[in-house]
Amino acid sequence: MDLLSELGNILPQDRIVSEGEDFDRHGGGVFTYHAPIPPDAVVYPQSRDEVVEVVRFANERRVPIVPFGEGSSLEAHTLPVNGGISLDLGRMNRILEVRPDDFIVRVEPGVTHGGLNAALAEHGLLFPVDPGWDASLGGMTGTNASGTNAVRYGAMRDQVLGLEVVLGDGTVMTTGGLSMKSSAGYNLTGLFVGSEGTLGVFTEIILRLYPIPEKVLAGRAVFPAGIEAAGRAAVAVIRSGMQIGRVELVDARTIEAVNAYKQTDYTVAPTLFLEFAGSEASVERDVAVARSIAETEGCETFEFEADEAAREKLWEARHDAALAIRELYPGRGMMGTDVCVPISDLPGALRHARETIESHGLEGVILGHVGDGNYHAVFPVDMEDTADQARAEEVNEEIVDYALARGGTCTGEHGVGLGKVGHLEKEHGDSLAFMRGIKKLADPSGIMNPGKIFAGEAAPTGGV
Ligand SMILES: Cc1cc2nc3c(=O)[nH]c(=O)nc-3n(C[C@H](O)[C@H](O)[C@H](O)COP(=O)(O)OP(=O)(O)OC[C@H]3O[C@@H](n4cnc5c(N)ncnc54)[C@H](O)[C@@H]3O)c2cc1C
């Protein structure tokens, strides 16, 4: 089969690409330790009907399809392991309807969270989920993304009210709707959020919005006593019952990386980045409580930024931490854990991660959205050195085992992709058959992002 000429019967030639810089972007990821694999073609649909036509064609010819947003997912989610079509939704990027009085927006999947928030500002509204890359809402729905705001607002699954989905045979289905809650049948919206492109393609997403808080204060609390003390302080802040906006932890090495990358001069020690949001009075009270908690854990510096530009600079530094770490280790692949533990287990988990990294003689940094019990250990891996890779895998495994033994999860926000397939088996071996059954129902020919989430998924037989 000549895939390119057959696709030419569906889309104009200038929206079918098989070489060049943008094509290459679809064979890897912006931040990955997996070797690139090119697709056979990248296509850029501009409407739901075009997506339907491409999916129907791929289903008939058994050609794999990998939905693609911004390609920033971290576990090789968009790697076309069996070749086929990379379906780039970036040109379906219209904000279809803002309903300020209902706190709801309807978007196409290619809108990014940054783009959405820029458009919402005039309405005094906020969409809170904020991964450290300007990711697409389709991709964020695909991975059930979260970020620094999740401790207050929750992850994508808490924001998506409804979806329009093109299933693996080209059938169009809608889930949910415009109401804030519903008890109408199974929670299919929740099922599709986090499906990593394996069940279908989202062509429309209905999202919840929030008012921008009256008062916001952001600050840093520095803990020379160590990462565990910072972790204990984070847990105590959550336990105090205040409505904290953000609680982010970065270790000393990450601060070093951020200082070099962003030309900041933050004290090099484990640090909590905090944000308090609400009314004037509630913010004042919460800051006083947090300060006293931090001091109990040996915090030496507790500094605040009320000015919007200074606050943005602080959060930009936190958001760019992953890029700063990559810069610190040029040429290395970035392997990251993403475990999430019950919040009371967090201090112990941080200590265990630090000790495990050191006992294996590995380089590694620790940072995370600790208000949710979610943290990342990131290992810069020498991709030419199999012993280095094996050491990193071993540490990764030990950190995951520690979390699972406490009822936690192998992935709090990044998803399974290719990199955590084995971890998912450990965590949910007893429900994998059920998940596979759902996959078969939504995608009978197995063309949707094969090889992800499940081990040993049979590749589609026809195609290129
Ligand atoms: C520097 C950096 C910082 C990050 N920080 C965070 C963070 O704090 N929190 C966090 O959660 N993540 C974080 N990430 C990871 C990443 O941004 C998220 O996983 C994000 O959700 C991916 O969105 P994307 O648009 O890049 O999607 P892609 O990577 O393109 O796709 C992600 C998955 O969704 C599927 N998909 C994409 N579009 C659709 C669609 N329309 N329909 C169906 N399936 C679709 C894909 O097939 C794939 O499986 C970070 C990444 C980087 C590089």
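**Exercise 1.** In this predicted model, determine which residues of H8 meet which residues of H13.

*Solution.* On the H8 side, the residues involved are Ile-227, Glu-228, Gly-231, Arg-232, Ala-234 and Val-235. Their counterparts in H13 are Leu-346, Pro-347, Leu-350, Arg-351 and Arg-354.

**Exercise 2.** Establish how the axes of H8 and H13 are oriented towards each other.

*Solution.* Step one: helix H13 spans residues 346–359, and its axis and that of H8 come within 8 Å. Step two: the two axes cross at roughly 160 degrees. Step three: angles over 145 degrees count as roughly antiparallel, and therefore H8 is roughly antiparallel to H13. Step four: the crossing of H8 past H13 is right-handed.

**Exercise 3.** Identify the helix that gives the largest share of the largest nonpolar core, and the core residues that touch the most other members.

*Solution.* The core has 117 residues, of which Val-43, Ile-65, Leu-87, Leu-207, Ala-233, Ala-234 and Leu-272 touch the most other members. Helix H8, residues 227–239, supplies the largest share of this core, namely 7 residues. For Leu-207, leaving aside residues up to four places away in sequence, the contacts are Val-105, Val-107, Phe-127, Gln-159, Val-160 and Leu-161.

**Exercise 4.** Describe the open sheet of 5 strands, beginning with the strand order.

*Solution.* The order is S5-S6-S10-S8-S9, with antiparallel pairing. At the edges stand S5 (95–99) and S9 (172–176), each pairing on one side only. On average, neighbouring strands of this sheet are turned by 15 degrees against each other, direction ignored. Strand S8, residues 160–167, pairs with S9 over 5 bridges in the antiparallel sense. Within S9, Met-173 stands opposite Val-165.

Notes: Residues numbered from 1 in each chain as written. Predicted model: local features only at pLDDT ≥ 70, side-chain atom pairs only at ≥ 80, totals over all residues. Core = buried A, V, L, I, M, F, W, Y, C linked by C-beta atoms within 7 Å. Buried ≥ 20, exposed ≤ 12 C-beta atoms within 10 Å, placed from the backbone. Helix = DSSP H or I, 4+ residues; strand = E, 2+ residues; numbered from the N terminus. Contact = placed C-beta atoms within 7 Å. Pairing = 2+ DSSP bridges. Axes fitted to C-alpha atoms, helices over the stretch in contact; angles between N-to-C directions. Parallel < 35°, antiparallel > 145°, perpendicular 65-115°, else oblique. Left-handed = near helix turned anticlockwise from the far one by under 90°.
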